[in-house]
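Please open the structure in your viewer and keep the sequence panel visible beside it. The tour below proceeds by selection: each stop states what to select and what is to be found there.

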Amino acid sequence: MNTMINVNSMSEDERNDYIFGDHLGQDIPITNRFGWLERALIDDIQTIINVNQNAQANQNALHLLVGGGNLSIPILVCTALELTSALYTCNTKYLGGYNAEDNVKIFGYNFFPDHIRWIPRIIWDGVRNGIDHLFIPKIIQHHRTLIQFSFYMDGESTVIGNNDSVVIMINSIELFHILESAIHSYREELQNSITLQRKFIIAWDSIEFPTFLKPTDTQKINEIRHLLTVLGRSNPFRLFE
């Protein structure tokens, strides 16, 4: 288990500072841990949406709109959802027994609206596993029934049945707002629950704790040696030259 913090000995102020405080200048990769969810992941998605909508509203900027965000928004939503669910359930791969699908089910049941809260595994498998691993939405089959996914930016998210085909049509912006609302609700519960605070801290600490390479990881070790060799000649050096 990769963790160093004794969460049971932390005071309320220490827990809140760990989760919500700004830690600029400290030797940690993320200066505000919960802010990483809100100001990095969520705000990054909102920026994509804002740029898209502003370009559509401005005829002079339409030529800049070379993509609609139908791929990038679901990927970022799933990234934020996977991390948030792991923190909520205190189940990361560094703590053992990691199952992202179970985490999403638990988080979604508590924070998503109907009907999506009843089908989180299908959504996760079709959207996240499809885009991340197949690079397209995944088609799921049960007996003769095919479950397919489609993404768009306008209109409501709907489910359409046609004979043996079920198409889950997801408005990417609406999907984002569902996640955004869920994270805000999670924050409210987190601020008032010692149990959730302790789960968050244990889970985050396991992620933030350095991953030590095994002696058998020879290829990565050789790459680190290469970095150190180049730094010995030129520090800093330009990465992409």
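**First stop: a serine in a strand**

Select Ser 165, which counts as buried because its relative accessibility is 18%, and buried means under 20%. The model in front of you is a predicted one. Ser 165 belongs to strand β4. Display the residues around Ser 165: leaving aside residues up to four places away in sequence, it touches Leu 146, Gln 148 and Ile 160. Which residue of β4 is the bridge partner of Asn 162? The partner is Ser 165.

**Second stop: the sheet around β4**

Now select the four strands of the sheet. In what order do they lie? The order is β1-β2-β4-β3, in an open sheet with mixed pairing. β1 (140-142) and β3 (158-162) are the edge strands, each pairing on one side only. On average, and with direction ignored, neighbouring strands of this sheet are turned by 20° against each other.

Keep β2 (residues 145-152) and β4 (residues 165-171) on display. In which sense do they pair, parallel or antiparallel? Their pairing is parallel and runs over seven bridges. Two positions may be labelled here: Ile 147 stands opposite Val 166 in β4, and Gln 148 stands opposite Val 167 in β4.

Next, add helix α6 (residues 172-191), which packs on the sheet and touches β2 and β4. The direction of helix α6 makes about 70° with that of β4.

Turn then to β3 and β4. These two strands pair in the antiparallel sense over five bridges. Label Ile 160, which stands opposite Val 167 in β4. β3 and β4 form a hairpin, with two residues between them. Select Asn 163 in the turn of this hairpin: its phi is positive, at about 55°. How many of the five residues of β3 are buried? The count is zero, and β3 is hardly covered.

While the strands are displayed, a general point may help in viewing them. In a regular strand, side chains alternate between the two faces of the sheet.

**Third stop: salt bridges**

The structure holds eleven salt bridges. The following selections show some of them.

Begin with Glu 208 and Arg 33, whose side chains meet in a salt bridge at 3.0 Å, N to O. This pair links distant parts of the chain: Glu 208 is in helix α7 (residues 194-208) and Arg 33 is in helix α2 (residues 33-57), 175 residues apart. Are these two residues buried or exposed? Both Glu 208 and Arg 33 are buried.

Next, select Glu 101 and Arg 121. Their side chains meet in a salt bridge at 3.1 Å, N to O. Because Glu 101 is in helix α4 (residues 100-111) and Arg 121 is in helix α5 (residues 120-134), the pair ties together parts that lie 20 residues apart in sequence. Glu 101 is partly exposed, with a relative accessible area of 25%. Arg 121 is also partly exposed, with a value of 33%.

Remain at helix α5 and select Asp 125 together with Lys 138. The salt bridge between their side chains is 2.9 Å, N to O. Here, too, distant parts of the chain are linked: Asp 125 is in helix α5, whereas Lys 138 is in the loop between α5 and β1, 13 residues apart. Asp 125 is buried, with a relative accessible area of 17%, whereas Lys 138 counts as partly exposed at 26%.

Finally, select Glu 82, Arg 128 and Asp 132 together. These three residues are linked in a network of salt bridges.

**Last stop: a nonpolar patch on the surface**

Switch to a surface display and select Leu 213, Ile 224, Leu 228 and Leu 231. What do these residues make? They make a nonpolar surface patch of about 330 Å². Centre the view on Ile 224, which is found in helix α8 (residues 218-233). Why is Ile 224 described as partly exposed? The reason is that its relative accessible area is 40%, and partly exposed residues lie between the limits of 20% and 50%.

Technical notes
Residues numbered from 1 in each chain as written. Predicted model: local features only at pLDDT ≥ 70, side-chain atom pairs only at ≥ 80, totals over all residues. Heavy atoms only, no water. Patch = residues over 30% accessible without salt bridge, like charges linked within 9 Å, V, L, I, M, F, W, Y side chains within 5 Å. Areas by Shrake-Rupley, 256 points an atom, 1.4 Å probe, with all protein chains shown as cover. Salt bridge = Lys/Arg side-chain N within 4 Å of Asp/Glu carboxyl O. Buried < 20%, exposed > 50% of the residue type's maximum accessible area, 1.4 Å probe, protein only. Pairing = 2+ DSSP bridges. Axes fitted to C-alpha atoms, helices over the stretch in contact; angles between N-to-C directions. Contact = heavy atoms within 4.5 Å.
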